Amino acid sequence: MPHTSRPLRKLGFLTIGLYDEDDPGRGHESTLRLIELGERLGFDSAWVRHRHLQYGISSPVAVLAAATQRTRRIELGTAVTPLGWENPLRLAEDFATVDVLSGGRLNPGISVGPPMFYDRVKGALYPQTAEAEDFGYGRVERLLDLVRGEPATASGGTEGFEVFSDRVQPHSPGLHRRMWYGGASLRSARWAGEHGMNLLTSSVVKAEGPGDEPADFAAVQLAHIRAFRAAHPDGEAARVSQGLVVIPTDSASPEQRARYERYAEERLPRTAVPQGPGRMMFAPDLVGSSEVIAERLRAHAAFREVDEVAFALPFTFEHRDYEQILTDIATKLAPALGWRSGT
């Protein structure tokens, strides 16, 4: 089996942070404890998903602000913050604040497009401007300009006893180089490259081309990565992170193994063909020993093009399951892929 041409350099994980509606504190605490565990295990980054009007983390910047005070080394990211729910100026302030609190460890991942189920939520989200809102790439450009320190107003100066800035405060000079775009289409990959962002590619991609042609997830994802780098000023050095679902079972109990395999089997049918009018493709979840998963990753055309990952944790498992999975990833799977802990 061919080895990856890019030894794994950066190891990350991604969690959705589910919780019980009647006890949300317990779920949020679980997420923070997993981030702390990730740091102890040597992970380079921890990422949280954004979930609105669901029982998952709705405010990653708040959770990551808490995580900055409980960690010292691990990088912290959002994967991703959908900008359709956000005001770019306010979000730029939040990102910069958390980056300052973390000592420059924040990696904001963002995406564009209308909010999910927009017709249901637009009355609460944009009661006066719902039909006028622009959810295109211009929203990202506004955020990037503000993060870079471009003027947000015509002038600053002093008014009475108060001093005002013409740009977002606090300003974190290195943050703009750590902005990531979560892209699932060829167009988004190229756009992210043209605008000098980093690229997050996950277990979901858009199958593009004639609908009667067979689609291969790895080949589609590989095309996105190459298009991104071809458009990026840094070329082959442009950063890409892949986020497949991996579930190593090296130290799992028989009960855990059976549950993990059942989870993957239930989700497998959706990976056979592109789904829906958008022709979205889903990668199979990788379950098994670290040796088996490493072999499957080495055979994955897109994985061979990256040296950073943010392996996604399954949605519905228990805290002890996540501890076992993260421990096996850091101590068994990642070293088999060439990764070495920096701790």
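Here are some worked exercises on helix packing, pockets, cavities and backbone oddities in a predicted model.

**Exercise 1. Work out how H1 and H10 are oriented, and which residues bring them together.**

Step 1: Find the helices. H1 covers residues 24–41 and H10 covers residues 319–336.

Step 2: Get the geometry. Their axes come within 10 Å and cross at roughly 20°.

Step 3: Put a word to the angle. Angles under 35 degrees count as roughly parallel, so H1 is roughly parallel to H10.

Step 4: Add the handedness. H1 and H10 make a right-handed crossing.

Step 5: Look at who touches whom. From H1 come Ser30, Arg33, Leu34, Leu37 and Leu41, and they meet His319, Tyr322, Glu323, Leu326, Thr327 and Ala330 of H10. Sorted by class, the residues of this contact are six nonpolar, three polar and two charged.

**Exercise 2. Do the same for H1 and H2: what is the angle, and what does the contact consist of?**

Step 1: Take the angle and the distance. H1 packs on H2 at about 50°, and the axes are 10 Å apart.

Step 2: Name the arrangement. An angle of about 50° is neither under 35 nor in the 65 to 115 range, so H1 and H2 are oblique to each other.

Step 3: Check the handedness. The crossing of H1 past H2 is right-handed.

Step 4: List the partners. On the H1 side you'll find His28, Thr31, Leu32 and Ile35; on the H2 side they meet Val63, Leu64, Ala66 and Ala67.

Step 5: Sort them. This contact has six nonpolar and two polar residues, with no charged ones.

**Exercise 3. Describe the largest pocket: what is its volume, and which residues lie nearest its centre?**

Step 1: Start with the volume, which is about 1500 Å³.

Step 2: Count the lining. The largest pocket is lined by 49 residues. Nearest its centre are Arg49, Arg51, Val80, Ser111 and Met116.

Step 3: Split the lining by class. You get 27 nonpolar, 15 polar and seven charged residues.

**Exercise 4. Find out which element gives the most to the lining of the second largest pocket.**

Step 1: Size it up. The second largest pocket holds about 400 Å³ of space.

Step 2: Look at the lining. There are 19 lining residues, and Leu18, Arg26, Gly27, Ser30 and Glu318 are the closest to the centre.

Step 3: Pick out the elements. H1 and H10 are the ones that give two or more residues to this lining. H1 gives the most, with six residues.

Step 4: Sort by class. The lining of the second largest pocket breaks down into seven nonpolar, seven polar and five charged residues.

Step 5: Link back to Exercise 1. Ser30 is one of the H1 residues that meet H10, and Ser30 is also among the residues closest to the centre of the second largest pocket.

**Exercise 5. How many cavities of 30 Å³ or more are there, and what lines them?**

Step 1: Count them. There are two cavities of 30 Å³ or more.

Step 2: Take the largest cavity. Its space is about 80 Å³. The lining is made up of Lys10, Asp44, Ser45, Trp47, Glu75, Asn107, Trp180, Arg239, Ser241, Glu308 and Val309. Strand E2 (45–48) and strand E14 (308–312) are the elements that give two or more residues. By class, that's three nonpolar, three polar and five charged.

Step 3: Move to the second largest cavity, with a volume of about 40 Å³. Ala92, Ala96, Leu146, Val147, Val168, Pro170, His171 and Ser172 line it. Here helix H3 (88–102) and helix H5 (137–148) are the elements that give two or more residues.

Step 4: Check the classes. The second largest cavity has six nonpolar and two polar lining residues, and no charged ones.

**Exercise 6. Track down the cis peptide bonds and a positive phi, and say where they sit.**

Step 1: Go to alanine 79 and valine 80. A cis peptide bond joins them, with omega about 0°. Valine 80 belongs to strand E3 (residues 75–82), and Val80 is among the residues nearest the centre of the largest pocket.

Step 2: Go to glutamine 169 and proline 170. The bond between them is cis too, with omega about 0°. Proline 170 is in the loop between strand E6 (162–164) and strand E7 (180–182), and Pro170 also helps line the second largest cavity.

Step 3: Finish with leucine 53. Though not a glycine, leucine 53 has a positive phi of about 55°. Leucine 53 lies in the loop between E2 and helix H2 (60–68).

Methods: Residues numbered from 1 in each chain as written. Predicted model: local features only at pLDDT ≥ 70, side-chain atom pairs only at ≥ 80, totals over all residues. Heavy atoms only, no water. Axes fitted to C-alpha atoms, helices over the stretch in contact; angles between N-to-C directions. Helix = DSSP H or I, 4+ residues; strand = E, 2+ residues; numbered from the N terminus. Parallel < 35°, antiparallel > 145°, perpendicular 65-115°, else oblique. Left-handed = near helix turned anticlockwise from the far one by under 90°. Contact = heavy atoms within 4.5 Å. Nonpolar A, V, L, I, M, F, W, Y, C, P; charged D, E, K, R; others polar. 1 Å grid on protein atoms, 1.4 Å probe; cavity = no way out; pocket = protein on both sides within 12 Å on 5 of 7 lines; lining within 4 Å. Points joined across faces, edges and corners; volume = space filled by probe spheres on them.
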